[in-house]
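Hi,

Here is the structure I promised to pass on to you. Have a look at it first, and then read my notes below.

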Amino acid sequence: MTQAPKKLFIKTYGCQMNVYDSERMAETLGASGYVTTETAEDADMVLLNTCHIREKAAEKVYSDLGRLRPLKEAKPGLKIGVAGCVAQAEGEEILNRMPLVDLVVGPQSYHRLPEMERAVGQGGRAVDTDFPEDDKFEALKSRPKAKRGPTAFLTVQEGCDKFCAFCVVPYTRGAEVSRPAERIVAEARELVEAGVREITLLGQNVNAWHGAEGGLAALVGQLAAIDGLERIRYTTSHPNDMDEALIAAHGQEAKLMPYLHLPVQSGSDRILKAMNRKHTADQYLRLIERIRAARPDILLTSDFIVGFPGETDADFEATMDLVRAVGYGSAFSFKYSPRPGTPAAERKVQVEASVMDARLQRLQALLGEQQRTAQETMVGRETTVLFEKPGRLPGQMVGKSEHLFAVHVQAPESLRGEIARVRITASGPNSLAGSLIG
Ligand code: 5AD
Ligand code: SF4
């Protein structure tokens, strides 16, 4: 008699790297007999893959854990785990604060999940927040051959040595480590064999990748040589790591999509210095000029923090000026959140909440306007769309354009996973509409 598979529910918070890690966790627990399920109610094991970047994200984990309490009481065998950056930052503390948690696993040790799950099955509790010497990706081995959707993430680099004064990442994800090129290329080939057409390379500092001579541009070149891989993207980049070769690749490598997420955080030199960003607003603007010279239609996106300690009205206006000077396709903007252990949290000159709110509103209004403009300039243009799934209306498919806009098109379902030429016909609140060409 074969045993019924055990069910695993993973909730993913935060960034795309967590999305990738959650997939890999599901795959590794698959070898212990788990299949994934869509709800916690249905599960034998619940994993929260957490984010520690801002206080709100980190606190959400505890309220979500609280909500799992009745479930655990009704089903004492239910295993509950906390993974990701909150696990890394708080470790054992989580077990003390939340008796219902059985295991805590950091982002660098989740390849050990099967052993940890076994230990919990024998009545123990398990914590692993090591930064082990062994490469977790090697331990995880190759990815399952099952057919997949047309887009995938692929982690090529982890960790950060930049130590921006506000950021927990260098502490939760550790020092910068690049995966070797040949392993990345092998994983990309496996993904393509499983049906993937577009790969987004991931790293906290992806353009600092140094797994082989020539940096990220060389890696993009190697990946572009894979037949069947049609589109390459990468995120997140630091302005200081945009080297000449990578800029040039945007003009030369047809598979590299015209889209770049390049966080600047602030437009004030004083604040950039206090943030330890190691570049000025002007240096960033000149970098954008060089990138646009290589690829004039590139769409730029960014991250901003308002209310960094000591930010004055004039500093904030400098951020607004920088946004106007660049013209972004979209951007994320956040209120500064003091994080334990970071230098900025120690500063005495914290900005008042109401001031932060007002600044965030103004910045988001400007960024929203720029997003509308960016979408509207697409109307009438031809682009390619990689179709991912049916749309809400009958006969409709949805996919992403080269500039990463969602595009709704009347198209047969047989185009799922295919790239087709599309003319953009209209711009909606968060997506475009288009029609097939030819
Ligand atoms: N407060 C607010 N936003 C933050 N970010 C990182 N740390 C903080 C913080 N302490 C933002 C930055 C970064 C993005 C991923 O999150 O803008 O680029
Ligand atoms: Fe955090 Fe700065 Fe590193 Fe980005 S570059 S992960 S913001 S420390």
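Below is what I found, starting with the domains and ending with one of the ligands.

Please keep in mind that this is a predicted model. The chain is split into domain 1 (6-128), domain 2 (142-257), domain 3 (260-377) and domain 4 (382-436).

I looked at how domain 3 and domain 4 meet. Their centres, taken over C-alpha atoms, are 31 Å apart. At the interface, 6 residues of domain 3 are in contact with 8 residues of domain 4. Between them the two domains bury about 600 Å², with 51% of that on carbon and sulfur atoms. Which three residues of domain 3 supply the most buried area against domain 4? They are Asp 297, Leu 299 and Gln 375, which supply 73% of the area that domain 3 buries there.

As for what crosses this interface, the rule finds 0 salt bridges, but 3 residue pairs in polar contact. Helix α15 (residues 353-378) gives the largest share of the domain 3 side, with 4 residues. By class, that side of domain 3 has 2 nonpolar, 2 polar and 2 charged residues.

Now to ligand 2. Around ligand 2 are Cys 160, Lys 162, Phe 163, Cys 164, Phe 166, Cys 167, Val 169, Pro 170, Asn 205, His 238 and Arg 277. Sorted by class, this shell holds 7 nonpolar, 2 polar and 2 charged residues.

Best wishes

Methods:
Residues numbered from 1 in each chain as written. Chains lettered and ligands numbered in written order. Predicted model: local features only at pLDDT ≥ 70, side-chain atom pairs only at ≥ 80, totals over all residues. Heavy atoms only, no water. Near = heavy atom within 4 Å. Nonpolar A, V, L, I, M, F, W, Y, C, P; charged D, E, K, R; others polar. Domains from an automatic or database assignment. Contact = heavy atoms within 4.5 Å. Buried area = accessible area lost by both parts, 1.4 Å probe. Salt bridge = Lys/Arg side-chain N within 4 Å of Asp/Glu carboxyl O. Polar contact = N/O pair within 3.5 Å; in protein donor to acceptor, adjacent residues only side chain to side chain. Helix = DSSP H or I, 4+ residues; strand = E, 2+ residues; numbered from the N terminus.
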